[in-house]
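Please load the model in the viewer and follow the selections below in order.

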Amino acid sequence: MTIKLSILDQSPIGEGENAEQGLKNTVKLAQAADSLGYNRFWVSEHHNNDQLAGSAPESLIGFLLASTKNIRIGSGGVMLQHYSPFKVAEVFHVLSALAPDRVDLGVGKAPGGLSLSTKALQEDKREEQKSFEEKLADLHSYINEEENVLELKAAPAPKVKPDIFLLGGSAESAELAGKLGISFVFAYFINGEENILKEARARFKQFSPNGGGEFLLALTVAVADSDEQADSYIKQRESVKVIFADGRKLNVGSLEQAENVISQAGESEYQLLVQKAGYVAGSKENVRKELTLLAEKYEIDEIISLSPIVNIEDRIYSYKLLTEAFAEDSKLKQKNNQGVGIY
């Protein structure tokens with residue numbers, strides 16, 4: 001099977017670097033991804049984080065579009081709970097008008113930060129604000145210029161609309177995407193439990209009208225010249241889900257971060273759920289085998305890889321090896337199909 005390869009970058013800030021350098025590294029990586037033939041390049045939204053510089057993907061996307069030629073550029077994702085769906089639609093319509101058929105709008109339900117940044121982002125919100133599901137439905141209608149009660153149109157109306165993707169790590173999110181007929185990206189790098197991935201894939205297929213939308217897999221990928229070197233890059237092998245008594249859920253990278261969440265929220269009733277983080281690390285041959293197995297098992301046509309490597313030159317080299325792995329596999333299959341023996 002043919003697997004499309006894409007990238008999600010969080011603009012990490014390396015030791016001795018500042019946020020400006022982290023963003024410049026993301027631009028450099030996007031340009032490398034463009035020349036290497038990757039399908040998409042997405043940037044994330046994280047707030048009040050001194051290790052990640054990407055807090056405003058909608059701003060960074062415009063610069064990346066102007067800095068690249070062919071690759072699709074998008075958000076991975078816009079944290080919709082903080083924003084007006086109408087304004088998000090306007091922003092991405094402008095981007096799509098400037099760069100037709102190159103813009104992706106990935107949307108997430110997570111806050112992209114802990115309680116303090118969430119309060120700051122939502123300080124003017126009313127208590128009766130809409131649910132995430134309602135906001136996503138509104139955004140879908142604005143992007144697709146569907147009729148609405150207020151007769152609002154998110155101008156400008158681009159000739160080619162941005163593609164919408166829902167990002168999530170649960171079967172419920174997969175079902176929501178399926179019902180709306182939009183593509184779904186399973187955040188395997190956050191929730192690496194295969195039983196949840198299996199359920200999400202089945203639910204998406206069940207609720208997708210006429211097979212509309214695609215099911216993509218996002219996971220941490222590290223490729224190096226040896227399995228040992230690649231494995232040394234993997235620092236986060238599990239994540240922690242904080243579940244509050246009112247049903248709110250938040251995924252964080254460690255128990256320490258979970259404690260910070262609970263402290264900032266001032267909650268006394270909660271549950272902590274430790275779950276595997278989904279990753280693949282190794283030489284290019286072994287990474288290709290593992291990714292191909294996952295793709296075949298869960299009918300996945302596109303892999304979105306998140307690199308754990310902070311050093312930009314090593315990060316680019318890892319992504320170069322990943323494209324080489326699949327290019328070599330493709331050449332091998334071509335030779336076999338032509339009856340050429342490999343010895």
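In this predicted model, begin by selecting Val-242 together with Leu-250, its bridge partner in strand E10. Next, extend the selection to strand E9 (residues 238-244) and E10, which pair in the antiparallel sense over 4 bridges.

Then add the remaining strand to display the open sheet of 3 strands, ordered E10-E9-E11 with antiparallel pairing. At its edges lie strand E10 (249-252) and strand E11 (270-276), each of which pairs on one side only. On average, and with direction ignored, neighbouring strands of this sheet are turned by 20° against each other.

Keep the sheet visible and select helix H9 (residues 255-265). Helix H9 packs on the sheet and touches E9, E10 and E11. The direction of H9 makes about 20° with that of E9.

For the second part of the tour, move to a pair of helices: select helix H1 (residues 19-36) and helix H2 (residues 57-67). How do H1 and H2 lie relative to each other? Their axes come within 10 Å and cross at roughly 40°; the two helices are therefore oblique to each other. The crossing by which H1 passes H2 is right-handed.

Finally, show the side chains at this contact. From H1, select Leu-23, Thr-26, Val-27, Ala-30 and Gln-31; from H2, select Leu-60, Phe-63, Leu-64 and Ser-67. Colouring by residue class displays 6 nonpolar and 3 polar residues in the contact of H1 with H2, and no charged ones.

Conventions
Residues numbered from 1 in each chain as written. Predicted model: local features only at pLDDT ≥ 70, side-chain atom pairs only at ≥ 80, totals over all residues. Heavy atoms only, no water. Axes fitted to C-alpha atoms, helices over the stretch in contact; angles between N-to-C directions. Parallel < 35°, antiparallel > 145°, perpendicular 65-115°, else oblique. Left-handed = near helix turned anticlockwise from the far one by under 90°. Contact = heavy atoms within 4.5 Å. Nonpolar A, V, L, I, M, F, W, Y, C, P; charged D, E, K, R; others polar. Pairing = 2+ DSSP bridges.
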